[in-house]
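Q: Hi! Could you walk me through this one before I start on it?

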Amino acid sequence: MNFRKLTLGLALAATTLAGRAHAQAAPSSDPAATPETKLLLANLHRLVSKGTMFGHQDALAYGISQGQMWKGDANRADVKTVSGSYPAVFGWELGHIELDSARNLDGVPFDRMRGYIKQGYEQGAVITISWHLNNPHDGKTAWDTTRTVPYILPGGADHAKYVSYLDRVATFLGSLKGSKGEAIPVIFRPFHEHTGSWFWWGKKECTPEEFKTLWQFSVNYLRKDKKLHNLIIAYSAADFKDEADYLERYPGDAYVDVMGFDDYCNNVPKFRQEMERKLAALLTISQAHHKLPALTEFGYESLPDPTWWTGTMLPLLEKYPVSYALTWRNGDPKHYFAPFPGQPSAANFKQFTQNGKILLEKQIAPLHLYTKTL
Ligand code: BMA
């Protein structure tokens, strides 16, 4: 009997049966990552067996109450009002920092955002950051799909402009400090939804080689030139056909820590079917690369289905364990993704969060993910 084969077989069987054990975990893709960053990533790999962390974009900055927006209230979050706890993951967005703007593209002041990030970190939650950066080639928005990537790569006419964008991101990321002056680890998720074609870095807008070069240049620049070692890097697709399609633009294991995708529900049966397929593929791919799987964005705009949380999301997350699932912002009374008091899915959301496998801040804070080995 081949003992190694048997052990491997048993390990694989255990992984499949338990459904939650994450195979071997790769260390940080940045060998010089700070101790907190390395520990957080290692702990997140271990935490997958305990449950999926629930995240909400812009949770502390604003929300919805009685058909109106609330903004900037201290210690308030719609998820907390409904469930009793802050989300375990706080998502933030850097779009317009590249313009040196005081506020992001959704009106959140960067100074306040820095405070919210520190608050989340000090409370023991996890931070993730996206960046809908303007088009550096023509100055239009992230959604402007003019061909751009070749111009901003090293040697390109707009390279210096793009580097100035990265400099501003680096200044912000480098300013995120805990109370002892330590760098706050963040899951940085640049160039997301690149398998779609609605951003200038999308699939039809650049070749796989251009995309990989842009990614590698950017990560190297932040790490090596800007000396940022608090980044856990997330590669986050939109729709994808299969493993090969998912990996077509993958920049390599040395540049990625989290593998994920974004998906939104428009039609429940179709969403379920597509999520089944994509989550299964994601788990296979992330295990093969020893990376952390995550549902980097998901949601059902305006939550019209009052049982969506336990009826649709819970079975998916129980069957396909991912590290975290981040829903999008409560941006206005028609563009929201987390319930608030009175919203028809609020009671069901509370039930969803009471299932032992869905983790909110109150479940993860006692684990001290930045300082203690799980
Ligand atoms: C989108 C929408 C936009 C927003 C952008 C960046 O999905 O929420 O309103 O500007 O994300 O946060």
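A: Happy to; we can take the ligand and then one strand.

A: This is a predicted model, where local features need pLDDT of at least 70 and side-chain atom pairs count only at pLDDT 80 or more, while totals for chains, interfaces and linings use all residues. Residues are numbered from 1 along each chain as its sequence is written, and side-chain values use heavy atoms, with hydrogens and water left out.

Q: Great. Which residues are around the ligand?

A: They are E93, L105, D106, H132, W143, W328, R329 and H335, counting a residue if one of its heavy atoms lies within 4 Å.

Q: How far is a polar side-chain atom of H335 from an oxygen atom of the ligand?

A: That distance is 2.6 Å. For R329 it is 2.8 Å. Polar contacts here are pairs of N or O atoms within 3.5 Å.

Q: And how much of the ligand's area does the protein bury?

A: The protein buries 76% of the 310 Å² that the ligand exposes when taken alone, by the Shrake-Rupley method with a 1.4 Å probe.

Q: Switching topic: is strand β7 mostly covered or uncovered?

A: Mostly covered: seven of the seven residues in β7 (residues 231–237) are buried, meaning under 20% relative accessible area with a 1.4 Å probe, protein chains only. Strands are DSSP runs of E, at least two residues long.

Q: What about its two faces?

A: Both are covered, with L231, I233, Y235 and A237 on one side and I232, A234 and S236 on the other.

Q: Why do they split like that?

A: Because side chains in a regular strand alternate between the two faces of the sheet.

Note on methods. Buried < 20%, exposed > 50% of the residue type's maximum accessible area, 1.4 Å probe, protein only. Helix = DSSP H or I, 4+ residues; strand = E, 2+ residues; numbered from the N terminus. Polar contact = N/O pair within 3.5 Å; in protein donor to acceptor, adjacent residues only side chain to side chain.
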